[in-house]
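Open the structure in your viewer and keep the selection tool at hand. Each stop below says what to select next and what is there.

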Amino acid sequence: MKKYDILKRIEDTGIVAVVRAENDEQAKNIAYACMDGGIDAIEIAFTVPGAHKVIESLVEVFGNDLLVGAGTVLDSETARIAILAGAKYIVSPVFDLDTAKLCNRYQIPYMPGCMTLTEMITAMEAGADIIKVFPGSVFGPSFIKAIKDPLPQAVLMPTGGVNLDNVDEWISNGCVAVGVGGSLTKGSKEEITKIAKQFVEKIKEARK
């Protein structure tokens, strides 16, 4: 898939499910549940042992029906492993210039975690496609307006602190998408699907 298509799909749905599964079977179950709820982008955290194998397995099963990305990627070495495993985008809690260069080289969307305006500008100048506002729980949705005033061109996706009670505020304040972990991916398949549908609907409503 081309970078444009990947970014557009993430923006269209407006949400990435952050998955910290213990194995590929659990990751598959979460993926099925999210897809049934209308979410077609998931991020496999590299804090999970054998995360690259989980990515390989998901890509083999779902193909392009599911956008599988790699999360908690701290360096370019890990990013390359993830890309070779089939990851369609790279997400990190921090900005790393070498990772930015590698992702640009292979035309893979890069979403580094930033908290300050200086970090955000540095990441944007290095070609970051989406700025992961992290941890979003520190400031809350109002922080997005504070960023957008001096940086209206910033493409933002908060992770951490996003839930059903505030997702509409994050979106209406100017986020292109949100990253959601535990408040979405914990629980039974039925519960995950139900919550996924609620997130998708709230995001649609916030964009009207």
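Select Ile 131 first; this residue sits in strand β7. The model is predicted, so treat every stop as part of a prediction.

**Stop one: around Ile 131**

Is Ile 131 buried or exposed? Ile 131 has a relative accessible area of 2%. That is under the 20% cut-off, so Ile 131 counts as buried.

Now show its contacts. Leaving out residues up to four places away in sequence, Ile 131 touches Pro 112, Cys 114, Met 120, Ala 123, Met 124, Val 155, Leu 156 and Met 157.

Add Val 94 to the selection. Val 94 and Ile 131 are 37 residues apart along the chain. Their C-alpha atoms are separated by 10.0 Å.

**Stop two: the sheet**

Select β6, β7 and β8. These 3 strands form an open sheet in the order β6-β7-β8, with parallel pairing. Which are the edge strands? They are β6, residues 113-114, and β8, residues 156-158. Each of these edge strands pairs on one side only.

Next, color residues 131-133, which make up β7. Strand β7 pairs with β8 in the parallel sense, over 3 bridges. Pick Val 133 and look across to β8: its bridge partner there is Pro 158.

Then add helix α6, residues 117-125. Helix α6 packs on the sheet and touches β6, β7 and β8. The direction of α6 makes about 160° with that of β7.

**Stop three: the largest pocket**

Turn to the pockets. How much space lies in the largest pocket? About 210 Å³. To find the pocket, select Val 18, Arg 20, Phe 134, Thr 159 and Gly 160. Of the 16 residues in the lining, these are the closest to the centre of the pocket.

Show β9 (178-180) and α9 (182-185) as well. Each supplies at least two residues of the lining of the largest pocket. By type, that lining divides into 5 nonpolar, 8 polar and 3 charged residues.

**Stop four: the second largest pocket**

The second largest pocket has a volume of about 160 Å³. Keep Val 18 and Arg 20 selected, for they are among its lining residues. Add the rest of the lining: Ala 21, Gln 26, Ile 30, Gly 181, Gly 182, Thr 185 and Lys 186.

Last, bring up α2, residues 24-36. Both α2 and α9 supply at least two residues each to the lining of the second largest pocket. Color that lining by type: 3 residues are nonpolar, 4 polar and 2 charged.

Key:
Residues numbered from 1 in each chain as written. Predicted model: local features only at pLDDT ≥ 70, side-chain atom pairs only at ≥ 80, totals over all residues. Heavy atoms only, no water. Pairing = 2+ DSSP bridges. Helix = DSSP H or I, 4+ residues; strand = E, 2+ residues; numbered from the N terminus. Contact = heavy atoms within 4.5 Å. Axes fitted to C-alpha atoms, helices over the stretch in contact; angles between N-to-C directions. Buried < 20%, exposed > 50% of the residue type's maximum accessible area, 1.4 Å probe, protein only. 1 Å grid on protein atoms, 1.4 Å probe; cavity = no way out; pocket = protein on both sides within 12 Å on 5 of 7 lines; lining within 4 Å. Points joined across faces, edges and corners; volume = space filled by probe spheres on them. Nonpolar A, V, L, I, M, F, W, Y, C, P; charged D, E, K, R; others polar.
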